[in-house]
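I sat down with a new model today and kept a few notes as I went. Here is what I looked up, in order.

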Amino acid sequence: MKDSSWKKKDKVIKEKIVKEKTIKQKIAKTSPGGTKEHSLRDKIFKIKIADLLNETGREDQIVFDHKFSDQLLNLNDEGITWTFVIQSLDTNSLLGTLTDVTARFHEICDSCRASFLRSVDIPLYTARFVFEDEAIKEKELAESEEVVFHIDPKAETINIEDMVVQSIFLNDPFVKRCDACTKRLESVDDEEDLGEFESKGNIIFS
Ligand SMILES: [Zn+2]
């Protein structure tokens, strides 16, 4: 009895080792740095703001490079790049400004179904960062067009991921077309415009 149970255990351990080995081999085979690269993707969008709140009028500028968000699935390997300027308005609120948000996305053309890289370039996007109860007041103060995000009061940080993602989503075109299709359709539009213009001359108003 004892002997067989030992054998069993030994067998289980051996099987486990074999399993782990094959998994490791599989990872090595399928990803020449692939999984490694993925896990190294920088998804941190948090900024410490305690010093800023203590010094009204202070302004900090931070350049972000090669950032990735789980909210942006088609993002290419270069990630998102932008410059963020954060300015202290008072002890409760901050003004955040994104400039030159650039990213490229893998897309399927709505016209010819070819895959293409769509470039996004947002020159400017601003939002205010406030503590949560301030935000509630903000809502009562009529619905201003200002974009408002929350300050994490415990960590004294702001997370600008939603702001960056929102700036990109707001820029999304209704129809996504590859360069070739965009050019082709532009020239067709021009011809149509010409046609319309000519035909107008034939309409007789009585
Ligand atoms: Zn196309």
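My entries below cover a metal site, one strand residue and the nonpolar core.

**Entry 1: the metal site.** A reminder to myself before starting: this is a predicted model. I began with the question of which residues coordinate the zinc ion. I found four sulfur donors, the SG atoms of Cys109, Cys112, Cys178 and Cys181, at 2.3 Å. Next I checked the geometry: the angles among the four donor atoms run from 104 to 116°, and the site is tetrahedral. For comparison I noted that the ideal angle for four tetrahedral donors is 109.5 degrees.

**Entry 2: where the donors sit.** I read the donor spacing along the sequence as C-x2-C-x65-C-x2-C. Cys109 and Cys178 are 69 residues apart, so I looked up what surrounds each of them, and the pair turns out to link distant parts of the chain. Cys109 lies in the loop between strand 4 (93-108) and strand 5 (115-130), while Cys178 lies in the loop between helix 5 (161-170) and helix 6 (179-200). Are these two buried or exposed? Cys109 counts as buried because its relative accessibility is 0%, and Cys178 counts as buried too, at 10%. I also searched for disulfides and got zero.

**Entry 3: Thr83.** I moved on to strand 3 (residues 80-88), where Thr83 is found. With a relative accessible area of 15%, Thr83 is buried, because the cut-off is under 20%. What does Thr83 touch beyond its neighbours within four places in sequence? I listed Gln61, Ile62 and Val63, together with Thr97, Leu98 and Thr99. Val63 is 20 residues from Thr83 along the chain, yet their C-alpha atoms are separated by 4.4 Å.

**Entry 4: the core.** The largest nonpolar core has 33 residues. I asked which of them touch the most other members, and got Ile80, Trp82, Phe84, Phe129, Ile158 and Ile160. Helix 3 (50-53), strand 3, strand 4, strand 5 and helix 5 each supply at least two residues of this core. I then picked out Trp82: leaving aside residues up to four places away in sequence, its contacts include Phe45, Phe64, Lys67, Asp100, Ile160 and Val164.

Terms used: Residues numbered from 1 in each chain as written. Predicted model: local features only at pLDDT ≥ 70, side-chain atom pairs only at ≥ 80, totals over all residues. Heavy atoms only, no water. Donors = N, O, S within 2.8 Å, 3.2 Å for Na, K, Ca; no water. Tetrahedral: all angles 85-135°; square planar, octahedral: opposite > 155°, others 65-115°. Helix = DSSP H or I, 4+ residues; strand = E, 2+ residues; numbered from the N terminus. Buried < 20%, exposed > 50% of the residue type's maximum accessible area, 1.4 Å probe, protein only. Contact = heavy atoms within 4.5 Å. Core = buried A, V, L, I, M, F, W, Y, C linked by side-chain atoms within 4.5 Å. Disulfide = S-S within 2.5 Å.
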